[in-house]
Amino acid sequence: MMIARYRFVLFSVAGLLVLAACNPSSKPDSAASDAAAHKAHENYVRVINSNNTDSLMSMLTEDVVYLASGAKPFVGKGAVRPWIDGYYKAFHTTWDKPVEEFVVAGDFAYERYRYTSTDVPAAGGTPIVDTGWGFIVYRRESDGVWRVARDAWGPDHAPAAAK
């Protein structure tokens, strides 16, 4: 089951990369465009760590897809919002997401990152620290803003054994 999920994520990401590479853009790449795309990463991490659903939703495309390990895909803002709301109600979260690779191709950019997340339960208790990998596809929309179109992530370790 896990292998099939990882294959799905990998094939989805590969398909997005092919589409991004084949997408003719009327806007030439420029240093300003590249800088704005890179800034999108900083903004995304900042709004995740704000623990504010509306701020996070402003960084997502309408057709966003979240591919979280161990969960079915969340497709569109309508599916992502309740999941984010529940997460922020259950935890105060902080994510560190160092970029390992960042590529801009026309109106698309993708990044590969590592993460360390720290989730402090809202009801109190021991913080949950996790580490893993992630892959984001950004899209420059008609208003010129780079937003997250796809975000896939998962742990870099085997799942904990059930007790």
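The following conversation walks through a predicted model of a protein and asks what earns its features their labels.

Student: Let's begin with the overall layout. Which elements does the protein have, and in what order?

Tutor: The protein has four helices and seven strands. Read from the N terminus, the order is α-α-α-β-β-α-β-β-β-β-β.

Student: And how much of the protein counts as buried?

Tutor: Of its 163 residues, 37% count as buried. The accessible surface is about 9,000 Å², and carbon and sulfur atoms make up 62% of that surface.

Student: What share of the contacts join residues at least 24 apart?

Tutor: If you take contacts between residues at least 6 apart in sequence, 56% of them join residues at least 24 apart.

Student: Now the aromatic side chains. Why is the pair of Y66 and W83 called edge-to-face?

Tutor: Two values settle that one. The ring centres of Y66 and W83 are 6.0 Å apart, and a pair needs centres within 6.5 Å. Their planes stand at 85°, and angles over 60 degrees count as edge-to-face. Therefore Y66 and W83 are an edge-to-face pair.

Student: What makes this pair a link between parts of the chain?

Tutor: Y66 belongs to strand β1 (residues 60–68) and W83 to helix α4 (residues 77–90), so the pair ties together parts that are 17 residues apart in sequence.

Student: How do you know whether Y66 and W83 are buried or partly exposed?

Tutor: Compare each value with the limits. Y66 has a relative accessible area of 2%, and buried means under 20%, so Y66 is buried. W83 comes to 28%, which falls between the 20% and 50% limits, so W83 counts as partly exposed.

Student: How many aromatic pairs are there, and which residues form the cluster?

Tutor: The whole structure has 11 aromatic pairs. One cluster is formed by Y66, F74, W83, Y87, Y88, F91, W95, Y115 and W153.

Student: On to the strands. How do you know that β5 is paired with β3, β4 and β6?

Tutor: Count the bridges, since pairing takes at least two between the strands. Strand β3 (residues 91–96) is joined to β5 (residues 108–121) by six bridges, and β4 (residues 99–105) also has six bridges to β5. Between β5 and β6 (residues 128–140) there are 12. Each count meets the requirement of at least two, so β5 is paired with each of these strands. The pairing is antiparallel for β3 with β5, for β4 with β5 and for β5 with β6.

Student: Which residues show this in the structure?

Tutor: D96 has T116 in β5 as its bridge partner, while V104 has A109. A109 also stands opposite Y138 in β6.

Student: What do the hairpins look like between their strands?

Tutor: The hairpin of β4 and β5 has two residues between the strands, and G106 there takes a positive phi near 65°. In the hairpin of β5 and β6, with six residues between the strands, G124 has a positive phi near 95°.

Student: Last topic: charges. Why is R81 with D54 called a salt bridge?

Tutor: Side chains of opposite charge can pair when their charged atoms come close. The closest N and O atoms of R81 and D54 are 3.1 Å apart, and the limit is 4 Å, so the pair qualifies. R81 sits in helix α4 and D54 in helix α3 (residues 53–57), 27 residues apart.

Student: What makes D54 exposed but R81 partly exposed?

Tutor: D54 has a relative accessible area of 52%, and exposed means over 50%, so D54 is exposed. R81 has 32%, between the two limits, so R81 is partly exposed.

Student: Which other salt bridges should I look at?

Tutor: By this rule there are 12 salt bridges. Among them is D63 with R139, at 2.8 Å from N to O. D63 lies in strand β1 and R139 in strand β6, so this pair ties together parts 76 residues apart in sequence. Another is E101 with R112, whose closest N and O atoms are 3.3 Å apart. E101 is in strand β4 and R112 in strand β5, so that pair ties together parts 11 residues apart in sequence. Both partners are partly exposed, E101 at 31% and R112 at 35%.

Student: What makes D63, R139, E141, D143 and R147 one network?

Tutor: Salt bridges that share partners join D63, R139, E141, D143 and R147.

Technical notes
Residues numbered from 1 in each chain as written. Predicted model: local features only at pLDDT ≥ 70, side-chain atom pairs only at ≥ 80, totals over all residues. Heavy atoms only, no water. Buried < 20%, exposed > 50% of the residue type's maximum accessible area, 1.4 Å probe, protein only. Contact = heavy atoms within 4.5 Å. Areas by Shrake-Rupley, 256 points an atom, 1.4 Å probe, with all protein chains shown as cover. Phe/Tyr/Trp six-rings, centres within 6.5 Å; stacked < 30°, edge-to-face > 60°. Salt bridge = Lys/Arg side-chain N within 4 Å of Asp/Glu carboxyl O.
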